[in-house]
Every structure is written in structure tokens, then in C-alpha cells.
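Please walk me through the aromatic rings of this structure in a viewer. Tell me what to select at each stop and what is there.

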Amino acid sequence: MFVRIIDIPPGCATEDMRRAWVGLTLKLATDEEVAEQARLRRTDIPEDYVVRGRDAVDALFDAGKLEAAAYWCRPVCPSYLEFAREVCEEIG
């Protein structure tokens with residue numbers, strides 16, 4: 001399953017870096033990956049959409065949003081990123 005980011009996600013990054021996600025289509029992480037990530041972080045399974053960090057950054061790069069791609073990989077790419085449901089649209 002995929003999601004399209006349709007609005008600026010909330011978060012602590014600058015608005016420009018969060019705005020870069022708008023319009024991108026991202027593949028969701030599997031249920032197993034989400035469960036494992038929650039177990040490792042010792043948290044509940046998030047209600048937000050979860051995507052693999054590398055896949056998300058690759059989508060920024062492929063869209064020509066190089067500054068944002070570099071930002072999200074400093075100092076290393078996150079394993080997973082979460083996007084609030086209210087800024088996403090499910091796609092098949």
C-alpha cells in the first residue's frame with residue numbers, strides 16, 4: 001500500500017523541509033516492520049503511517065528535492081519515518 005502526502009506534515013523540522021514531502025507518493029512499511037520498530041523503541045504501534053526512511057529519502061531525491069533529501073539523511077537516514085494520517089491519502 002502507498003500514501004500520497006497531501007499537506008505539510010507536522011514536526012520539528014523547518015517548514016521548508018516538511019513541505020518537501022507534499023505531493024510525494026511513499027510505500028508503507030509492512031505490518032511486521034512497524035511492529036518490530038515499535039518493539040525496538042519500546043513504544044506502542046503508531047497510529048500514523050510508517051515508511052522506510054531510505055525509501056522516503058529516495059522519493060525526495062527522485063523528485064529532485066535534493067536539499068530535503070540531504071537534510072533527512074543527516075547524519076544518517078532514519079530507519080523509519082512517520083506521517084500523520086491527516087496529511088496523507090491512501091493509494092491502493
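**A tour of the rings**

Start by selecting Tyr 71, which is partly exposed, with a relative accessibility of 29%. Keep in mind throughout that the model is predicted.

Next, add Trp 72 to the selection. Trp 72 has a relative accessible area of 18% and is buried, because the cut-off for that word is under 20%. Look at the two rings together: Tyr 71 and Trp 72 make an edge-to-face aromatic pair, with 5.1 Å from centre to centre and 85° between the planes.

Now select Trp 21. This residue lies in the loop between helix H1 (15-19) and strand S2 (25-27). Trp 21 is buried, at 2% relative accessibility.

Then go to Phe 83, in strand S4 (residues 80-83). Phe 83 is also a buried residue, with a relative accessible area of 3%.

How are the rings of Trp 21 and Phe 83 placed in their pair? They are edge-to-face, 5.1 Å centre to centre, with 80° between the planes. Trp 21 and Phe 83 are 62 residues apart, and their pair links distant parts of the chain.

Show Trp 21, Tyr 71, Trp 72 and Phe 83 at once: these residues form one aromatic cluster. The count of aromatic pairs in the model comes to 3, including the two visited here, Tyr 71 with Trp 72 and Trp 21 with Phe 83.

For the last stop, select Tyr 49 and Arg 85. The charged end of Arg 85 sits over the Tyr 49 ring, at 4.3 Å from the ring centre.

Conventions: Residues are numbered from 1 along each chain as its sequence is written. This is a predicted model: local features need pLDDT of at least 70, side-chain atom pairs count only at pLDDT 80 or more; totals for chains, interfaces and linings use all residues. Side-chain values use heavy atoms; hydrogens and water are left out. Rings of Phe, Tyr and Trp (its six-membered ring) pair if their centres lie within 6.5 Å; planes under 30 degrees apart count as stacked, over 60 as edge-to-face and the rest as tilted. Helices (H or I, at least four residues) and strands (E, at least two) are DSSP runs, numbered from the N terminus. Buried means under 20% relative accessible area, exposed over 50%, partly exposed in between (1.4 Å probe, protein chains only). A charge sits over a ring if NZ of Lys or CZ of Arg is within 6 Å of the ring centre and within 35 degrees of the ring normal.
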